[in-house]
Amino acid sequence: MGGETERTRRVACAEPFAVDIQPACLGLYCGKTLLFKNGSTEIYGECGVCPRGQRTNAQKYCQPCTESPELYDWLYLGFMAMLPLVLHWFFIEWYSGKKSSSALFQHITALFECSMAAIITLLVSDPVGVLYIRSCRVLMLSDWYTMLYNPSPDYVTTVHCTHEAVYPLYTIVFIYYAFCLVFMMLLRPLLVKKIACGLGKSDRFKSIYAALYFFPILTVLQAVGGGLLYYAFPYIILVLSLVTLAVYMSASEIENCYDLLVRKKRLIVLFSHWLLHAYGIISISRVDKLEQDLPLLALVPTPALFYLFTAKFTEPSRILSEGANGH
């Protein structure tokens with residue numbers, strides 16, 4: 001009797017201090033999904049993966065992505081959208097030949113394909129039917145690689161919490177590439193067959209074949225290095241645009257302003273690189289302080305002017321002729 005009375009007393013004393021302790025939500029990206037809401041009452045499920053279009057907050061609850069993309073996010077999407085277009089133009093120019101009159105039409109068609117793909121991608125993204133998207137803000141590099149942060153509480157069982165924490169910046173690029181490929185396969189073969197009269201039969205479709213190679217490469221690049229590209233793309237744009245401009249001007253034997261102005265194509269290439277320079281500068285500065293960042297755009301013509309002023313010392317035409325002769 002005495003032992004039973006003592007045990008009853010202990011339980012009675014412990015009851016006022018009893019609390020409902022739920023297991024901790026482990027993992028950087030695991031969260032609890034809202035199951036029911038009625039007024040101020042909210043019921044959440046067990047800790048696990050958040051549904052698509054949601055990410056965890058600081059309290060480990062899955063919250064819908066309702067923010068608008070920042071300027072930097074749009075610039076990143078613009079960079080990923082430009083990649084297939086620039087590659088299209090490069091291979092069209094590479095395989096069209098100097099005497100072919102079809103290059104211009106193929107350039108325009110490639111621009112139309114990528115533009116339509118971008119518009120349709122925005123229309124099918126959430127919210128459907130409008131040309132804007134809702135997103136979750138990118139906080140750190142690990143947001144792009146949630147599959148690497150699935151927790152193992154007992155070091156045996158893995159709790160899978162992989163989801164798109166940067167919704168929709170990761171998957172929207174794949175959707176865009178898919179539409180680009182579909183439009184290319186629908187439009188480009190018919191156009192090339194009709195107007196590419198200056199090319200041989202084996203050369204007509206080489207720019208299309210090239211796209212069938214670089215689209216899978218771009219897809220893998222986004223899948224593996226999407227987060228790295230997100231932080232590095234402004235510097236990639238600046239470096240590549242500077243290198244390609246220098247290579248083009250030296251290969252075209254441009255040594256003064258007259259050589260640059262003698263052909264319209266050279267001016268188009270120059271202005272295109274200037275746009276890329278400006279794009280990279282804006283992406284780096286993010287235009288946080290407009291009055292301080294806009295003067296940086298005055299640096300856009302600097303690389304071309306530096307090349308023209310120093311070309312007489314390097315003589316690229318002599319270097320090219322010596323290289324062709326094997327010296």
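Helices (H or I, at least four residues) and strands (E, at least two) are runs assigned by DSSP and numbered from the N terminus. With that in hand, welcome to a short tour of this predicted model.

**Figure 1. The whole protein chain, with 10 helices and 4 strands.** Before the close-ups, here is the overall layout. Along the sequence, the elements follow the pattern α-β-β-β-β-α-α-α-α-α-α-α-α-α. The protein chain has 327 residues, and 35% of them are buried. Among contacts with a separation of 6 or more, 67% join residues 24 or more positions apart. About 19,900 Å² of the protein chain is exposed, with carbon and sulfur atoms supplying 67% of that area.

**Figure 2. The hairpin of strands E1 and E2.** Strand E1 covers residues 31–38 and strand E2 covers residues 41–48; the two run antiparallel and are joined by 6 bridges. To find one of the pairings, look for Lys32, whose bridge partner in E2 is Cys47. Between the two strands sit 2 residues, and Gly39 in this turn has a positive phi of about 70°. Lys37 and Glu42 also meet here through their side chains, in a salt bridge of 3.7 Å from N to O. Lys37 counts as exposed because its relative accessibility is 52%, and the cut-off for exposed is over 50%. Glu42, at 38% relative accessibility, counts as partly exposed.

**Figure 3. A salt bridge between two loops, formed by Arg52 and Glu164.** The structure holds 8 salt bridges, so there are several to look for. In this one, the side chains of Arg52 and Glu164 come to 2.8 Å, N to O. Arg52 belongs to the loop between E2 and strand E3 (54–56), while Glu164 belongs to the loop between helix H3 (103–124) and helix H4 (171–195); the two residues are 112 residues apart. Which of the partners is buried and which is exposed? Arg52 is exposed, with a relative accessible area of 55%, whereas Glu164 is buried, at 13%.

**Figure 4. Helices H3 and H4 tied together by Glu113 and Arg188.** The side chains of Glu113 and Arg188 meet in a salt bridge of 2.8 Å, N to O. Because Glu113 lies in helix H3 and Arg188 in helix H4, the pair ties together parts that are 75 residues apart in sequence. Both of these residues are buried. Elsewhere, Glu67, Glu70 and Arg137 are linked in a network of salt bridges.

**Figure 5. The kink in helix H2.** Helix H2 takes in residues 71–96, 26 residues in total. At 1.5 Å a residue it should span 38 Å, and its end C-alpha atoms are 37 Å apart, which agrees. Look at Met82 for a kink of about 25°, shortly before the proline Pro84.

**Figure 6. Helix H7 and its buried residues.** The 22 residues of H7 (residues 264–285) should span 32 Å at 1.5 Å a residue; the end C-alpha atoms are 32 Å apart, in agreement. Many side chains can be picked out here: the buried residues of H7 include Arg266, Val269, Leu270, His273, His277 and Tyr279. Just after the helix, Arg286 takes a positive phi of about 60°.

**Figure 7. Cis peptide bonds and a positive phi in the loop between H3 and H4.** Which residues does each cis bond join? A cis peptide bond joins Asp126 and Pro127, with omega about 0°, and another joins Tyr167 and Pro168, with omega about -5°. Pro127 is found in the loop between H3 and H4, and Pro168 is also found in that loop. Tyr155 lies there too; its phi is near 65°, a positive value in a residue other than glycine. Tyr155 is exposed, with a relative accessible area of 76%.

**Figure 8. Lys60, in the loop between E3 and E4.** Strand E4 covers residues 62–64. Phi of Lys60 is near 70°, a positive value in a residue other than glycine.

**Figure 9. Glu255 and Tyr307.** Glu255 sits in the loop between helix H5 (206–251) and helix H6 (257–261). With a relative accessible area of 25%, Glu255 is partly exposed. Its C-alpha atom and that of Tyr307 are separated by 8.1 Å, although the two residues are 52 residues apart along the chain.

Note on methods: Residues are numbered from 1 along each chain as its sequence is written. This is a predicted model: local features need pLDDT of at least 70, side-chain atom pairs count only at pLDDT 80 or more; totals for chains, interfaces and linings use all residues. Side-chain values use heavy atoms; hydrogens and water are left out. Buried means under 20% relative accessible area, exposed over 50%, partly exposed in between (1.4 Å probe, protein chains only). Contact means heavy atoms within 4.5 Å. Accessible areas come from the Shrake-Rupley method with a 1.4 Å probe; for residues, only the protein chains shown count as cover. Two strands pair if DSSP finds at least two bridges between them. A salt bridge is a side-chain nitrogen of Lys or Arg within 4 Å of a carboxyl oxygen of Asp or Glu. The expected span of a helix is 1.5 Å times one less than its number of residues. The bend at a residue is the angle between axes fitted to the seven residues ending there and the seven starting there.
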